[in-house]
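Subject: Handing over a structure

Dear colleague,

I am passing on a structure for you to look through at your own pace. Please open it beside this message, and then read on for what was found in it.

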Amino acid sequence: MDDARVAILMGSKNDWEIMKPAADTLEKLGIGFEARVLSAHRTPARLVRFVEEAEGRGIRAFICGAGGAAHLAGVVAAHTLRPVFGVPIPSSDLDGLDALLATVQMPGGIPVGTLAIGKAGAKNAALLVAAAFGVGDDGVRERIAKFREEQAGAIPDEPLAEG
Ligand code: RP5
């Protein structure tokens with residue numbers, strides 16, 4: 001595992017169960033990460049300070065999970081030139097649809113790459129970061145290829161049922 005190159009941020013400790021697949025996937029691909037609770041609403045100054053210092057500490061991409069009126073990914077994107085991926089967390093009465101719309105509907109000029117609601121989005125955010133890193137890193141690219149092979153190999157190449 002190399003030094004933390006990805007920051008996994010989430011608005012609440014309660015988001016960790018949903019965001020953990022991002023961490024697990026980066027770990028599997030040998031990409032270092034740091035996971036933190038930082039909120040656009042509850043700890044705004046701490047969040048901005050973290051993002052402004054992150055690039056100097058080697059962070060090259062952000063994965064941000066937030067639920068409800070989810071501003072985390074957008075605020076992070078506003079304070080960095082690194083790519084930002086947003087994961088809508090299904091933590092509210094609207095089951096993440098609110099977070100999806102808040103995260104995906106960025107005004108033109110400040111992009112957030114928005115993934116699916118929930119754990120699949122967290123996992124795919126990590127895979128997308130890995131794919132981007134793999135453009136300039138053959139080791140990462142090879143580990144993604146191995147991941148895909150294992151994924152395909154886990155699906156039996158035979159009929160599920162026959163009559
Ligand atoms: C958001 O509010 C967090 O991302 C979380 O999904 C949601 C609810 O937070 P808690 O009240 O569970 O801490 O900022």
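Before we come to the pocket, one definition is needed: Ala, Val, Leu, Ile, Met, Phe, Trp, Tyr, Cys and Pro count as nonpolar, Asp, Glu, Lys and Arg count as charged, and the others, with Gly among them, count as polar. Please also keep in mind throughout that this is a predicted model.

With those classes in hand, the lining of the largest pocket can be described as eight nonpolar, nine polar and two charged residues. That lining has 19 residues, and those that lie nearest the centre of the pocket are Gly11, Ser12, Asp15, Gly67 and Ser91. The space in the largest pocket comes to about 300 Å³.

There is also an enclosed space to look at, since the count of cavities of 30 Å³ or more comes to one. The largest cavity holds about 30 Å³ of space, and its lining is made up of Cys64, Gly65, Ala66, Ala70, Leu72, Ala73, Gly86, Val87 and Thr103. Two or more residues of this lining come from each of S3, helix H3 (72-78) and S4, and S3 gives the most, with three residues. By class, the lining of the largest cavity has six nonpolar residues, three polar ones and no charged ones.

Next comes the sheet. In which order do the five strands of the open sheet lie? The order is S2-S1-S3-S4-S5, and the pairing is parallel. Strand S2 (32-37) and strand S5 (113-114) stand at the edges, and because each has a single partner strand, one side of each is left without a neighbour in the sheet. As a general point, the strands of a sheet pair through backbone hydrogen bonds, in either a parallel or an antiparallel way.

Strand S1 is a good place to follow this pairing by eye. S1 and S3 run parallel and are joined by five bridges, and in one of the pairs you can look for, leucine 9 has cysteine 64 in S3 as its bridge partner. Cysteine 64 has already appeared above, in the lining of the largest cavity. S1 also pairs with S2 in the parallel sense, over six bridges, and here alanine 7 stands opposite glutamate 34 in S2. S1 is mostly covered, with six of its seven residues buried.

Is glutamate 34, which is found in strand S2, buried or exposed? Glutamate 34 counts as buried because its relative accessibility is 18%, and the cut-off for buried is under 20%. If its neighbours within four places in sequence are left aside, glutamate 34 is in contact with Ala4, Val6, Ala7, Ile8, Phe50 and Arg57.

Helix H5 (residues 119-134) is the next element to turn to. H5 has 16 residues and reaches 22 Å from its first C-alpha to its last, which is close to the 22 Å expected at 1.5 Å a residue. Its buried residues are Gly121, Ala122, Ala125, Ala126, Leu127, Val129, Ala130, Phe133 and Gly134, and what covers them includes strand S1 (4-10), helix H1 (16-28), strand S3 (61-67), strand S4 (84-89) and helix H6 (138-153).

Two residues of H5 make a useful pair to examine. Glycine 121, found in this helix, counts as buried because its relative accessibility is 0%. Leaving aside the neighbours within four places in sequence, glycine 121 is in contact with Val87, Leu115 and Ala116. Asparagine 124 also has its place in helix H5, but asparagine 124 is partly exposed, with a relative accessible area of 39%. Although asparagine 124 and proline 21 are 103 residues apart in sequence, they are 8.8 Å apart in space, C-alpha to C-alpha. Glycine 121 and glycine 163, on the other hand, are 42 residues apart along the chain, and their C-alpha atoms are separated by 37 Å.

Last, there is a backbone angle to check. Most residues other than glycine have a negative phi. Aspartate 95, however, has a phi near 60°, a positive value in a residue other than glycine. Aspartate 95 lies in the loop between S4 and helix H4 (97-104), and aspartate 95 counts as exposed because its relative accessibility is 54%, where the cut-off for exposed is over 50%.

With best wishes

Definitions and conventions. Residues numbered from 1 in each chain as written. Predicted model: local features only at pLDDT ≥ 70, side-chain atom pairs only at ≥ 80, totals over all residues. Heavy atoms only, no water. Helix = DSSP H or I, 4+ residues; strand = E, 2+ residues; numbered from the N terminus. Expected span 1.5 Å × (residues − 1). Buried < 20%, exposed > 50% of the residue type's maximum accessible area, 1.4 Å probe, protein only. Contact = heavy atoms within 4.5 Å. 1 Å grid on protein atoms, 1.4 Å probe; cavity = no way out; pocket = protein on both sides within 12 Å on 5 of 7 lines; lining within 4 Å. Points joined across faces, edges and corners; volume = space filled by probe spheres on them. Pairing = 2+ DSSP bridges.
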